[in-house]
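I am opening a fresh notebook page for this structure. Come along while I look things up one at a time.

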Amino acid sequence: MKIKYLIALYIFLAFASGIFAQTMSPAVAEYGKKANGSFKLQNNTLQPVAVVIEPFSFSVDKDGQHFRKLDATVHLDLSQTSARLGPKEIHEFSYKVKCDVLPCTFSLLTGMIIGHTQDGLAVRVILPHVVYICEKQKDCRAGVLRAAGL
Amino acid sequence: MKSCLLLLLLAAAPASAQVLQLDAGASTLYNASGATATLYTPNSTITAGVGYSNGHVILNASDTWLFRGATVTVGDKQFGFSFDGVGLGLAVKGLSFTKQTDSTTVTAFAGLTGAGIATPYITAVRAQNAGAGFFIVHKFHGAKLYSLEALDGGKYTAAQGITYQYGRTLGLAASGGVLNGTGFFNGAVSYKPAPAWNFSAAHESYLFPDRATGNNAGFSFTPAHFSLQGSWNESTYRGLTVVGETIGAGVRVGPVIAQSNVYHSGNKTFLTNNVTEKIQHLTFTQTETYSAQQSAWAFGGGYTSNRMSVSLNHSIIFLLNGEGFQQVTGISVSLRLHDTTLNASTVTTPFGKTLWTGYATDYVQIGDAVPGVTVRSHVGGRFIIAGVVRDASGAPVSGAAVEIGKDIAYTDAAGAFSVRARTAKPQALAVLPAVFAAPGAWVCVDAPASVAPGTPINIVVKRGS
């Protein structure tokens, strides 16, 4: 009888699986002239996660993506530049952007460090939220890539 | 017992929350079986457990949450206070809290105390007496002061201690008082003239009901692949003095570690030789113990990976049940499948009885399709409070945590942080070294107590504890 209960307990436990990663959505966002957007970060761990968001402008060519300091022509208002996400928390960050020059492209790099270590290395996971802003939202990203010869 | 376990699991399933940790197991080693459910929510941790131990049903329930920077627990909690070789373990059913600042940590409790039952799958308190107490640790200029006052039933503890560390070279410790009704005094010194050398000496006295004293001195020399250590110990109890010496040496060559030690006390001498080989996930050990012209051998091996660990230990021990030397085998297995960990192990007592423990742990995501609480932040608040965190040399500190009002901000690569505020009123500021994302121990050197939007904030921190 005991074995039956243990088997039932194991089946109950084994099928209740979780996800082990931090996730960002959406990874890419396209906007027309007016860009009021948001993205969600999900902490799938059981420990608090420190998050720091740093914006960078970037350009693309055949050699890949090249980051630089955020252009002065990009006026970005972020709801938060950093946060502490609780276990399993989903945190939605909002932003408002106005670009003097279109198209404009920038990336919000979210660096996440799990917990605090007294000795050893802190491992930082960086997930980008990439923003493309054009005159018209439709095919904005494709247009930027096409203009870069990609 | 079985019906309680099923009831616990069924009741937990439909709960609307975030993460549920389930532990269940049984053991003849702990002489206890039971199950515990722990619910992790953004603001609190709730635990409930039921089990059976030594002919009694045991229950465990607690709720832990943060209140104005203090961790508050109502229900069952087990404490371990220790400093300078002095330790006091307490199992409490009642109210407790811990508040920590950069320099001081205060823990206090009040409620019913008694025997604690601690297994990997259930912890509980068998309430027997009324008790209360507090433990304070205060750090200043390389020194730590400890103060422990507790009343556990009829036993009183009032112990004070101090430790002082001068760089990495010299360490001093002293403590004294009454521990569970027994008077004591301890003192210790350690001296490290070079990274590979360490010398230490200590004295401990327990004053009543029977006087017992102990003295020891030792050294160790540990260059890169070699180690040499020795110690001298003396104890006096009820007029009887016993002296013992030990000396040993070890060497590490690639994956092989060899260690030999000689123990001498009175007319008894033990020699132990131990060889350990570590090859990727595999570990093998061989031990020979030589005493009174008789050798005893032990062999062991294990495999460890992220998903599984297995160890098998075979040894010859002298049983006290009249069977003399017998071969015994101990097995330990741990297996991880998805979010479930299964553990099983056996151990043989000196009386020849083989005891076993088996338990499982699982983390279950429950509630709606959304696994966790969603927090939304909006571009609101026209005031911005911003600043920079630097170390004493002026270099920016990335990953520093600063609490402004109710918000926690982290510094970026340039050491800068910012939060939005809806009013221009000043807000309280606190540096939180315990939750720095930057690795290592940090302390705050200089920071304003309150800040207002538009005023540049400069915070200085340094490494240290």
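Entry one, contacts along chain B. I am working with a predicted model. I took the contacts in chain B between residues at least 6 apart in sequence and looked for those that reach further along the chain. Of these contacts, 38% join residues at least 24 apart.

Entry two, the make-up of chain B. How many helices and strands does chain B have? I found one helix and 33 strands. I also looked up burial: chain B has 465 residues, and 21% of them are buried.

Entry three, where the chains touch. I looked up both sides of the contact and found 37 residues from chain A and 45 residues from chain B. Which elements of chain A give two or more residues to the side that touches chain B? My list has helix 1 (2-14), strand 4 (49-61), strand 7 (82-85) and strand 8 (90-99) of chain A. Strand 8 of chain A gives the most to this side, with seven residues. I then sorted the side of chain A that touches chain B by class, and wrote down 17 nonpolar, 13 polar and seven charged residues.

Entry four, a pairing across the chains. I stayed with strand 8 of chain A and asked for its pairing with chain B. Strand 8 of chain A pairs with strand 25 of chain B, residues 374-376, in the parallel sense over three bridges. For one residue pair to find on screen, I picked A:E92, whose bridge partner in strand 25 of chain B is B:R376.

Entry five, a sheet in chain B. Here I found an open sheet of four strands, in the order 28-27-30-32, with antiparallel pairing. Why do strand 28 (407-410) and strand 32 (450-451) of chain B each have one side without a neighbour in the sheet? Both stand at the edges with a single partner strand each, so one side of each is left without a neighbour there.

Entry six, pairings inside that sheet. Strand 27 (residues 401-404) and strand 30 (residues 427-431) of chain B pair in the antiparallel sense over three bridges. I noted B:I404 here, with B:L429 in strand 30 of chain B as its bridge partner. Strand 30 of chain B also pairs with strand 32 of chain B, antiparallel and over two bridges. There I noted B:A428, whose bridge partner in strand 32 of chain B is B:S450.

Conventions:
Residues numbered from 1 in each chain as written. Chains lettered and ligands numbered in written order. Predicted model: local features only at pLDDT ≥ 70, side-chain atom pairs only at ≥ 80, totals over all residues. Buried ≥ 20, exposed ≤ 12 C-beta atoms within 10 Å, placed from the backbone. Contact = placed C-beta atoms within 7 Å. Nonpolar A, V, L, I, M, F, W, Y, C, P; charged D, E, K, R; others polar. Pairing = 2+ DSSP bridges.
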